[in-house]
Amino acid sequence: MLSRLQSLPRDARDTLFLLAVIAWVLLPQVNELPLWCSALAGAVLLWRGWLAVKARPLPGKRWLLLLMVLTLAATWLTHRTLLGRDAGVTLLVVLLTLKTLELRARRDAFVVFFLGFFCMLSNFFYSQSLLTALSMLLGLLGLLTMLVNAHMPVGRPPLSQAAKTAGWMALLGTPIMLVLFLLFPRLAPLWGVPSDTPAGRSGLSSSMQVGTIASLALDESVALRIKFDGAPPRKQDMYFRGPVLASFDGREWRPSRLNTSARYGVTADLAVTGTPVSYEVTMEPTNRPWLFVMEAAAQSPALPSGFQGVMQPDLQWLANRPINDLLRYKAQSYPSFQHGPLQSAPGLQEFIDLPSGFNPRTKALANEIRNTPRLARAGTAALVEEVMNRLRTGGYSYTLEPGVYGQHSADEFWFDRKQGFCEHIASAFVILMRAMDVPARIVTGYQGGEFNTVDGFWVVRQSSAHAWAEVWEAGRGWVRVDPTSVVAPGRIGAFERLEAPQGAVARALRTFSPTLMTQLRLFWEATNNSWNQWVLNYTQGRQLNLLKNIGFESPSWEDLSYMLIAILVAAALLGAAWSWWDRSQHDPWVRLLMRARHRLDKAGIPSTPATSPRQLAQEVLARYGQQPGSAAQALADWLLRLEQQRYAAAPAGAGKAAPQLHALREEFSRLSWPA
């Protein structure tokens with residue numbers, strides 16, 4: 001296969017390599033593109049590769065125009081617009097792939113190259129992870145290789161030669177890239193990743209049907225990264241509060257009717273005691289305005305510029321806009337707290353309401369408990385203990401696969417299945433408490449985390465999603481009750497998670513080394529976290545702090561601009577000075593001859609410093625023949641002209657040697673040197 005590729009004409013070889021680079025650039029976006037667009041792009045690239053290998057003619061303009069009209073119509077039908085991020089990326093991918101079907105001249109190739117650069121950048125609209133950056137770096141080197149190769153029109157230079165030049169170009173541009181990254185002012189709205197109307201991402205939802213959180217237990221993606229200042233809190237205190245659900249229609253739990261609650265005086269009334277826990281949260285994008293903080297935060301988290309936090313009456317913190325990018329904020333929480341009204345209020349009725357016609361056996365169980373003599377006049381605490389004891393001793397179990405629950409989900413849990421995930425348990429618990437006229441609600445969020453010994457961060461995954469309950473008790477307000485803790489104590493205290501069945505490769509690696517997979521994952525996540533902390537979270541505030549460390553008293557974005565301009569000018573002056581010094585210290589003619597000797601030496605034609613260009617030309621012709629117009633003849637002629645430039649008598653007009661040498665230097669890069 002490799003020999004067949006090497007035997008292809010240069011045009012076919014270069015086209016196949018370019019198509020492979022384009023496919024690599026487009027591959028990370030497959031999940032974000034419409035299905036028809038991904039299928040069209042793959043089909044066009046395969047078709048174009050087949051045409052190149054078989055040396056078939058390219059399709060005419062009418063076919064391309066028809067395809068373009070059809071794809072425009074498909075884009076409009078998919079996105080209902082031709083503008084915006086998603087529609088724009090779809091059109092960009094279509095234009096890039098269709099342009100490969102009219103790849104006839106160098107001008108067309110340059111258009112494809114630069115469309116490829118735009119498509120490469122569009123990957124960061126959807127993900128700015130380290131893996132995406134590394135894959136796009138490889139795509140960048142591929143496009144640069146093709147760009148360099150396009151400037152070598154003579155002969156059949158190997159792609160490895162163009163790749164080497166592209167690598168040096170990227171390496172030399174790295175210092176400039178670092179300076180621009182550190183000092184280019186990050187001014188909103190110019191600095192940021194554009195996005196369309198926020199779409200749902202994996203994670204918690206603003207509503208809950210029984211079974212939805214169980215699906216997250218198999219999702220090992222990171223939701224939060226926590227860095228505690230000092231010793232971390234107790235494991236059983238690591239509850240990160242999210243949406244609070246109070247309205248139940250028999251099938252789905254939804255948030256509380258906040259306007260009604262506020263009108264009847266059901267407010268947060270948060271009172272904290274004890275020593276606070278300080279920490280920093282790095283939160284993955286959710287496209288939701290939720291701010292996850294450990295219970296309970298009395299003050300708003302310290303958010304970046306442009307964000308504001310507001311605490312809701314149900315103690316949930318919300319930002320003033322959705323979190324569409326990685327967000328880092330500092331917060332303080334008090335594990336010991338009390339919240340909610342201490343005396344009964346009309347608004348609490350919302351947390352007792354149950355829909356009629358659902359869970360009749362659970363309601364009967366509530367009446368049975370209430371009619372027990374010792375519980376007839378019992379308070380909330382005694383009723384909670386009675387239900388928790390039932391969970392503890394009734395043969396209930398914690399599982400990811402409890403089966404499909406029907407209309408009467410609480411009845412099935414209490415009397416039939418007796419098994420479920422955290423939301424099955426919490427929902428059944430809250431329904432039973434409400435049936436006993438105890439105000440109760442469901443709180444969703446994350447519980448626990450995993451300590452990464454590599455970087456010292458606590459990693460909270462989507463698999464840590466959890467649902468627990470709160471009941472209202474006179475004189476105490478809302479009290480957290482986690483019924484899962486009595487069904488599966490290890491889930492809360494020891495962070496024991498239910499794991500999905502592993503594949504053959506994972507089982508083999510675990511057999512070979514039980515800790516290898518864990519260590520590899522921790523190392524990768526620590527590396528990715530460093531990328532998040534130092535690259536994605538390098539904000540204008542950190543830029544200004546950098547200037548403060550340099551010596552600026554009160555830096556601004558203007559100071560950043562001046563600093564950037566000064567460094568670029570200084571670098572340009574240093575480059576010019578080095579170029580002048582290099583030219584003054586070395587004979588350019590000798591340097592060009594040394595480059596030619598080096599190329600010929602790699603081809604098996606050795607020489608010494610005493611070997612003249614004419615002798616080298618004779619060696620080339622002796623080995624490769626003297627066919628007129630051949631690459632060997634062109635190389636020999638170039639060597640003879642190089643010798644003539646040095647030793648021939650100067651023409652009447654003095655000062656023409658330098659332009660001739662410059663022309664020879666340019667021709668050097670276009671020659672087809674023997675491999």
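A crossing of two helices is right-handed if the near helix is turned clockwise from the far one by less than a right angle, and left-handed if it is turned anticlockwise. I wrote that down before anything else, as I wanted to look up a pair of helices. I also noted that this is a predicted model.

**Entry 1: helix 12 and helix 14**

I started with helix 12 (residues 380-393) and helix 14 (residues 422-435), and by the definition above their crossing is right-handed. Their axes come within 11 Å and cross at roughly 140°. I first wondered what to call that angle. Over 145 degrees would count as roughly antiparallel, so at roughly 140° this pair is oblique instead.

Next I looked up who touches whom. Helix 12 brings Leu-383, Val-384, Val-387, Met-388 and Leu-391 to the contact, and helix 14 brings Ile-425, Phe-429, Leu-432 and Met-433. I sorted these contact residues by type and got nine nonpolar, no polar and no charged.

**Entry 2: helix 13**

Then I moved to helix 13, residues 409-417. Which of its residues are buried? I listed Ser-409, Ala-410, Asp-411, Glu-412, Phe-413 and Trp-414. So what covers them? The cover includes helix 11, helix 12, helix 14 and strand 14 (419-420). Helix 12 and helix 14 were already in my notes from the crossing. Right after helix 13 I found Lys-418, with a positive phi near 55°.

**Entry 3: the five-stranded sheet**

Sheets next. One open sheet has five strands in the order 11-6-2-17-16, with antiparallel pairing. Strand 11 (327-333) and strand 16 (450-451) are the edge strands, and each of them pairs on one side only.

I spent a while on strand 17, residues 458-461. On one side strand 17 pairs with strand 16 in the antiparallel sense, over two bridges. Here Phe-451 stands opposite Trp-458, and Glu-450 stands opposite Val-459. Strand 17 is also joined to strand 2 (residues 222-228), by four bridges, and these two run antiparallel as well. In that pairing I found Leu-224 opposite Val-460.

I reminded myself that side chains in a regular strand alternate between the two faces of the sheet. In strand 17 I then found Trp-458 and Val-460 on one side and Val-459 and Arg-461 on the other. Are these four buried or exposed? They are all buried, and both faces of strand 17 are covered.

I also checked the turn of the hairpin. There are six residues between strand 16 and strand 17, and in this hairpin Gly-456 takes a positive phi near 80°.

**Entry 4: the three-stranded sheet**

A second open sheet has three strands in the order 7-10-9, again with antiparallel pairing. Strand 7 (290-291) and strand 9 (309-311) stand at the edges with a single partner strand each, so one side of each has no neighbour in the sheet. Strand 9 and strand 10 (residues 317-319) run antiparallel and are joined by three bridges. I looked up the partner of Gly-309 and found Ala-319 in strand 10.

**Entry 5: odd spots in the loops**

I kept a short list of backbone oddities.

- Glu-295 and Ala-296 are joined by a cis peptide bond, with omega about -10°. Ala-296 sits in the loop between strand 8 (293-294) and strand 9.
- Leu-315 has a positive phi near 80°, and this residue is not a glycine. I found Leu-315 in the loop between strand 9 and strand 10. Leu-315 has a relative accessibility of 4%. Buried means under 20%, so Leu-315 counts as buried.
- Asn-359 is not a glycine, yet has a positive phi of about 50°. Its loop runs between strand 12 (336-338) and helix 11 (360-370). The relative accessibility of Asn-359 is 2%, so I put this residue down as buried too.

**Entry 6: the whole chain**

Last, I stepped back and looked at totals. The chain has 24 helices and 19 strands. How much of the chain is buried? I noted 44% of its 675 residues. I also looked at the contacts with a separation of 6 or more: 72% of them are between residues 24 or more positions apart.

Terms used:
Residues numbered from 1 in each chain as written. Predicted model: local features only at pLDDT ≥ 70, side-chain atom pairs only at ≥ 80, totals over all residues. Heavy atoms only, no water. Axes fitted to C-alpha atoms, helices over the stretch in contact; angles between N-to-C directions. Parallel < 35°, antiparallel > 145°, perpendicular 65-115°, else oblique. Contact = heavy atoms within 4.5 Å. Nonpolar A, V, L, I, M, F, W, Y, C, P; charged D, E, K, R; others polar. Pairing = 2+ DSSP bridges. Buried < 20%, exposed > 50% of the residue type's maximum accessible area, 1.4 Å probe, protein only.
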